[in-house]
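Open the model in your viewer and keep the selection tool at hand. This tour goes stop by stop, saying what to pick and what is there.

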Amino acid sequence: MPGNSMLTNHKYIAFETILIKEIRRFTRIWLQTLVPPAITIGLYFLIFGNLIGGRIGQMGGFDYVDFIVPGLIMMAVIQNAYANVSSSFFSNKFQRCIEEILVSPVPNYIILLGFVAGGMARGVAVGLIVTAMSFFFTSLHIEHVFLTLLVVLLTSMVFSLAGFINALYANTFDDISIIPTFVLTPLIYLGGVFYSIELLPTFGQWISALNPVLYMVNTFRYGILGTSDVNILWALFMLGVFSAGLFGVALYLLRKGTGLRQ
Amino acid sequence: MQSISPKNAISIRGLTKTYANGFQALKGIDLDVKENDFFALLGPNGAGKSTIIGIISTLVRASSGAIQVFGQDVATHVYETKLSLGIVPQEINFSQFEKVGDIVITQAGYYGLRGDLAKQRAEKYLRKLDLWEKRDNRSRMLSGGMKRRLMIARALVHEPRLLILDEPTAGVDIELRRSMWEFLQELNRNGTTIILTTHYLEEAESLCRNIAIINQGQIVENTSMRKLLDKLARQTLVFDTCDELESAPTFNDPDILCTTIDSHSFEISLSTSRDINGIYAALSEQGILIRGMRNKTNRLEELFLSSLKN
Ligand SMILES: Nc1ncnc2c1ncn2[C@@H]1O[C@H](COP(=O)(O)OP(=O)(O)OP(=O)(O)O)[C@@H](O)[C@H]1O
Ligand SMILES: [Mg+2]
């Protein structure tokens, strides 16, 4: 008989079970989860990269299309990691099937890790689809493969965690679309996806420095192009801090039972 | 406070619950259910039955009080107590988009079972609950009764020692209800402690050995089914006659009260301790031919109502 905590092996099985369920969900509804980002980002590639990009010329020392491709891939990763966890976890709450896990011995941090890994899987899947599509518009080669992967994983983790917290507080489906509309989209659009922050006045650069998306986009761009607006080590450190902070908040809320236990 | 016996599957002491809106749903519940018991929790709508089950399963947080499952505190021995607990909730709570088989296999995963073992368990319980043919259907395509059975299969996949069912037979047809009863009885014979809530009093009467009645967040009766039934002092019998009644039958026994219902029927109320042969003799003497007879109300129902009154 095991002691008063779940065996490590059992915890791993529980984690894997949640992850598989999450992957099964977003691949089952691929028309809602995998196709839309491919279409939107494809249109961005076409319009900003090819049609308008030629007129813009250079940005940050690169052709405009090459400059925005990494930013757009990152945008897709962020939006999809967030959306996956917020809508899946909220729909689990809404349909009450979250109770299946809550009555079981699965510890809170495994629940959190399982859903976050599911969001990361969707973020990475969409990232790969969009990267593959970018080959139709430009031919990038990746300068620093390991760094690029690391940034994608960390970024999708940060936004999966944020989506999880959003879903914990959400009571209606509206509550999981408010944050993406009013917070996420502005952060992404002002986070250096479309322009180099060198274009901004000093004050604008300071404000931008508070935007976590800036670090993600720039580190990712550095991984691919080898150039960045920000210090890479500092950016990685910030990503680590954001992940740890959000993880702590999500775990605290889970322990408290916010939005889950009456 | 009584001391807690280790032979109890569940022991509840001083349990109270005040919901966030200030409503006090439980006002100090003490309850013991013995290992291997088949226990009924009865009470009208809103009595607090689901609240108790919610607290046992950790979906609802207690305001005060303690719960032990097989002698271990649910607050401190989370893993072990949850492992020995299977819950069948009152409301449907599985994903409408998942396949029946996946729902059960996934649940097994939460208990550390996977691969072939998870599949075998899922198959075993889906077959027992007559859902194996439906394993590849999306759960929303099941009928209401099938959905309830799916929740039972799901609750059993980790083979818990204590199974708690919150109105398992609501919306299940009579034939299926009987087969569900047999299934639960077999489970109980094989050593699983079972607690159920129900509004079908007949169900409690035919399945359960012990019973607690709860009303407005308090236990008003906690005894064995046998003793409870013995407590019921009087029963009412309804007689249908072959011919039109010319006058109400008369009995020269003050314990027997008779009232006519209509021209072809009347009812008689008498102590449960008495035999009813004398009534037939008296009716024959008066030339009244009886076509049929039945118990007016479910005995347990009467008892239930009388428990609630005091
Ligand atoms: N989340 C909640 N917030 C406030 N009050 C609640 C909540 N859940 C239940 N209650 C109240 O607590 C009381 C007990 O409810 P509970 O669901 O435990 O009753 P029950 O005995 O299971 O009833 P039923 O037989 O109808 O299922 C009811 O008055 C109910 O309105
Ligand atoms: Mg109830």
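**Stop 1: helix α3 of chain B**

Select α3(B) first. Of its 11 residues, 9 are buried, so this helix is largely enclosed by the rest of the structure. Keep in mind that you are looking at a predicted model.

Now colour the buried positions. They are V100(B), G101(B), I103(B), V104(B), T106(B), Q107(B), A108(B), G109(B) and Y110(B). What do the buried residues of α3(B) pack against? Show α1 and α5 (98–102) of chain A, then α4 (115–128) and α5 (144–156) of chain B. The packing partners thus come from both chains.

Step past the end of the helix. G112(B) follows α3(B), and its phi is positive, near 85 degrees.

**Stop 2: the interface**

Show both chains, and select the residues of each that touch the other. You should pick up 34 residues of chain B and 33 of chain A. Which residues of chain B lose the most area to chain A? Pick L59(B), Y79(B) and Y110(B): together they account for 28% of what the chain B side buries. Y110(B) is also one of the buried residues of α3(B) from the previous stop.

The area buried between the two chains is about 3,100 Å². Carbon and sulfur atoms give 52% of that area.

Next, turn on polar contacts. Across the interface there are 17 residue pairs in polar contact, with both residues at pLDDT 80 or more. On the chain B side, α2 (78–83) and α3 each supply at least two residues that touch chain A. The most come from α3(B), with 6 residues. By type, the chain B side divides into 13 nonpolar, 11 polar and 10 charged residues.

**Stop 3: salt bridges between the chains**

Side chains of opposite charge can pair when their charged atoms come close. How many salt bridges are there between chain B and chain A? The count is 5. Over all chains, the whole structure holds 13.

Select R24(A) and E98(B). Their side chains meet in a salt bridge, 2.6 Å from N to O. The pair crosses between chains: R24(A) sits in helix α1 (residues 8–28) of chain A, and E98(B) sits in the loop between β6 and α3 of chain B. Is each partner buried or exposed? R24(A) is partly exposed, at 24% relative accessible area. E98(B) counts as buried, because its relative accessibility is 4% and the cut-off for buried is under 20%.

Keep R24(A) and add D102(B). These side chains also form a salt bridge, at 3.8 Å from N to O. This pair crosses between chains too, with D102(B) in helix α3 of chain B and R24(A) in helix α1 of chain A. D102(B) is partly exposed, with a relative accessible area of 23%.

Add R28(A) to the selection. R24(A), R28(A), E98(B) and D102(B) are linked in a network of salt bridges.

One further cross-chain pair is worth a click. R154(B) and E100(A) meet through their side chains in a salt bridge, 2.7 Å from N to O.

**Stop 4: a salt bridge within chain B**

Leave the interface and select D37(B) with R209(B). They form a salt bridge whose closest N and O atoms are 3.8 Å apart. D37(B) is in the loop between β2 (24–34) and β3 (38–42), while R209(B) is in the loop between α7 (201–207) and β9 (210–215). The pair links parts of chain B that are 172 residues apart. D37(B) is buried, at 5% relative accessibility, whereas R209(B) is partly exposed, at 43%.

**Stop 5: the magnesium ion**

Select ligand 2. Which residues coordinate this magnesium ion? The donors are S50(B), through OG, and Q90(B), through OE1, at 1.9 to 2.1 Å. S50(B) lies in helix α1 (residues 49–56) of chain B and Q90(B) in the loop between β6 (85–88) and α3 (100–110), so the pair ties together parts 40 residues apart in sequence. Both are partly exposed: S50(B) at 31% relative accessibility, Q90(B) at 26%.

**Stop 6: A62(B)**

Finish at A62(B), in the loop between α1 and β4 (64–69) of chain B. A62(B) is partly exposed, at 35% relative accessibility. Beyond its neighbours within four places in sequence, A62(B) contacts L15(B), T16(B) and I55(B). For a last distance, pick A40(B): the two C-alpha atoms are 22 Å apart, and the residues are 22 apart in sequence.

Note on methods
Residues numbered from 1 in each chain as written. Chains lettered and ligands numbered in written order. Predicted model: local features only at pLDDT ≥ 70, side-chain atom pairs only at ≥ 80, totals over all residues. Heavy atoms only, no water. Donors = N, O, S within 2.8 Å, 3.2 Å for Na, K, Ca; no water. Helix = DSSP H or I, 4+ residues; strand = E, 2+ residues; numbered from the N terminus. Buried < 20%, exposed > 50% of the residue type's maximum accessible area, 1.4 Å probe, protein only. Contact = heavy atoms within 4.5 Å. Buried area = accessible area lost by both parts, 1.4 Å probe. Salt bridge = Lys/Arg side-chain N within 4 Å of Asp/Glu carboxyl O. Polar contact = N/O pair within 3.5 Å; in protein donor to acceptor, adjacent residues only side chain to side chain. Nonpolar A, V, L, I, M, F, W, Y, C, P; charged D, E, K, R; others polar.
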